[in-house]
Amino acid sequence: MPRHPPVTAAAAAAFVAVLLGAAYTAHAFPAPFAVPPTPRNLTARDPAAAAASAANAAAYMHLDRRADYTALANTYAPLVKYHPDETFFCSSVEYMFPHFSMIYSDGSAVSGAPSSFSDTNLDFLYQEGVDAGNVYLAVSGQPTAEPTLSSDYSYLYSTEAIGVSAPIYAFVSPKANGVVDIYYWVFAPYNLGKDVIIFGYVGDHVGDWERIMVRTVNGVAVSIDYLAHSSGLGLGTLSVSDSRISWSGTHPVAYTALGSHGMWPQSGSNVYDTIALVYNLVDKTGDGAQWSTWNNLYLINYQQAGGYTGSQAWLNYDGYFGNPGDTSCWFHSVVGDCAFGGGPSHPNRDMTGTTTNVLATVNSDTSHSSYTFYLSAGAQAWAHANGITYVAVHQHCGSWESIANQNKWGFVALASGTGATAYTVTTASCGSSIFSRYVDTYAVGLCTSDSSDACTTTSGTRSIIQYSGSGVVKKRYVVVKDLDLWSWSY
């Protein structure tokens with residue numbers, strides 16, 4: 001099968017410099033790996049991309065591809081650092097199998113569930129065609145950790161020895177334009193909630209899944225997503241040049257939060273959410289026990305549920321890894337949780353999409369912003385079939401005072417052809433203001449003329465993180481080079 005020629009280290013460094021700015025500082029990365037000949041895109045709303053994905057499935061699972069991805073995933077597997085006071089260490093999923101039973105949200109047992117779970121029978125509901133969206137892998141009772149867990153639940157503590165030798169679950173998801181995203185998931189038997197003034201401890205739950213995601217382009221890491229607890233929380237996408245990220249060779253450091261395991265690039269106190277508008281939820285991180293995750297990498301070629309076999313069949317289970325949560329506390333309507341919360345959903349979530357944020361550099365020409373992006377084959381075909389003549393960029397300008405927010409539009413003629421297509425669109429820069437306007441999001445539109453009023457459909461927005469060298473800035477004019485394929489519900 002033909003392959004793209006290997007990318008030289010010099011070329012890779014040049015690409016990253018272009019993507020992230022000339023001030024990018026190279027790390028001691030090894031020579032990049034060859035990329036698969038045909039990128040994979042499984043966007044559910046893009047039939048053309050889905051068909052292409054099916055056609056490429058055999059190549060995607062080919063042993064050569066797997067070997068390359070093993071090396072790539074090992075190269076960028078994180079060095080995870082626990083807090084010095086951690087007691088709820090991570091573990092393998094199998095560690096909890098002897099303690100789980102399978103129940104519905106009302107507590108009733110799932111009929112026909114195995115008496116003991118294994119890698120190969122956890123997905124029995126999926127194999128029988130039963131939706132597991134209301135199914136939980138639960139332990140007996142509702143174990144809360146305040147002041148301490150009952151001795152009956154001592155196994156939920158795991159141990160440091162287990163925590164520094166557990167597998168990390170590395171889902172590899174190839175995409176368009178040389179992109180390979182690697183989602184590094186960690187599992188812990190228990191999540192310690194937060195002590196919230198007035199409400200007490202909130203959010204203890206059995207089972208915990210957390211992750212970081214490393215984006216590589218032509219075998220070289222360009223960004224890292226640090227995520228905490230729920231979609232949209234945490235720091236999101238950071239450039240590999242970001243001064244907040246530390247490295248152990250080619251391995252980014254990920255600090256996992258005390259008790260709750262959210263992922264952060266630095267030690268300290270990290271605010272990830274606010275309750276009732278006034279109380280900050282904080283993840284505490286520190287330099288405790290170190291987990292060299294590349295020593296026990298569990299490689300997974302990402303696919304949608306139903307495609308996993310053998311020892312990875314457990315990934316077809318699409319229910320929850322923990323107990324149903326309590327909803328009877330008086331503050332549940334305010335906080336969305338009680339002292340004992342619900343366990344997390346399965347880790348095999350949608351990994352066909354984009355990074356949390358798109359990275360940008362500051363434009364040297366302060367009069368405009370420049371956006372280079374790709375319409376998917378499905379979007380391009382839909383545009384030609386529906387009288388579209390222009391592709392638009394909607395640039396949103398935020399500010400410290402929302403009344404000063406601003407919108408800027410740019411247009412370019414629709415290209416011929418129905419395959420995935422690259423576009424470059426310019427917009428005027430955000431206007432100057434005493435409220436310090438800056439570019440904060442952009443979206444793509446399909447229009448029948450070069451007017452925002454003529455846009456038949458507009459995508460959701462992508463948040464923009466701007467870099468100047470190794471630091472984040474907020475300017476009125478940016479350069480975006482977005483490698484993800486744009487596709488949405490037209």
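**Exercise 1. Find which backbone oxygens lie by the side chain of Arg-437, and place this residue in the chain.**

*Step 1.* Start with Ser-432. Its backbone oxygen lies 3.2 Å from a polar atom of the Arg-437 side chain. For the backbone oxygen of Ala-404, the distance to a polar atom of that side chain is 2.5 Å. This is a predicted model, where local features need pLDDT of at least 70, side-chain atom pairs count only at pLDDT 80 or more, and totals for chains, interfaces and linings use all residues. Residues are numbered from 1 along each chain as its sequence is written, and side-chain values use heavy atoms, with hydrogens and water left out.

*Step 2.* Locate the residue. Arg-437 sits in the loop between strand S22 (421-428) and strand S23 (438-447). Helices (H or I, at least four residues) and strands (E, at least two) are DSSP runs, numbered from the N terminus.

*Step 3.* Compare sequence and space. Gln-406 is 31 residues from Arg-437 in sequence, and their C-alpha atoms are 8.2 Å apart.

**Exercise 2. Is Arg-437 buried or exposed? Is Asn-348 buried or exposed?**

*Step 1.* Take the cut-offs: buried is under 20% relative accessible area, exposed is over 50%, and partly exposed is in between (1.4 Å probe, protein chains only).

*Step 2.* Apply them. Arg-437 counts as buried because its relative accessibility is 16%. Asn-348 has 7%, so Asn-348 counts as buried.

**Exercise 3. Find what the side chain of Asn-348 reaches.**

*Step 1.* Locate Asn-348. It is in the loop between helix H6 (332-335) and strand S18 (358-362).

*Step 2.* Look for polar contacts (pairs of N or O atoms within 3.5 Å; within protein, one must be able to donate a hydrogen and the other to accept it, and residues adjacent in sequence count only if both atoms are side-chain atoms). The side chains of Asn-348 and Tyr-308 are joined by one of 2.8 Å. The Asn-348 side chain also reaches the backbone oxygen of Gln-303, at 3.2 Å.

*Step 3.* Widen the search to contacts (heavy atoms within 4.5 Å). Not counting residues up to four places away in sequence, Asn-348 touches several residues, among them Phe-171, Tyr-302 and Leu-315.
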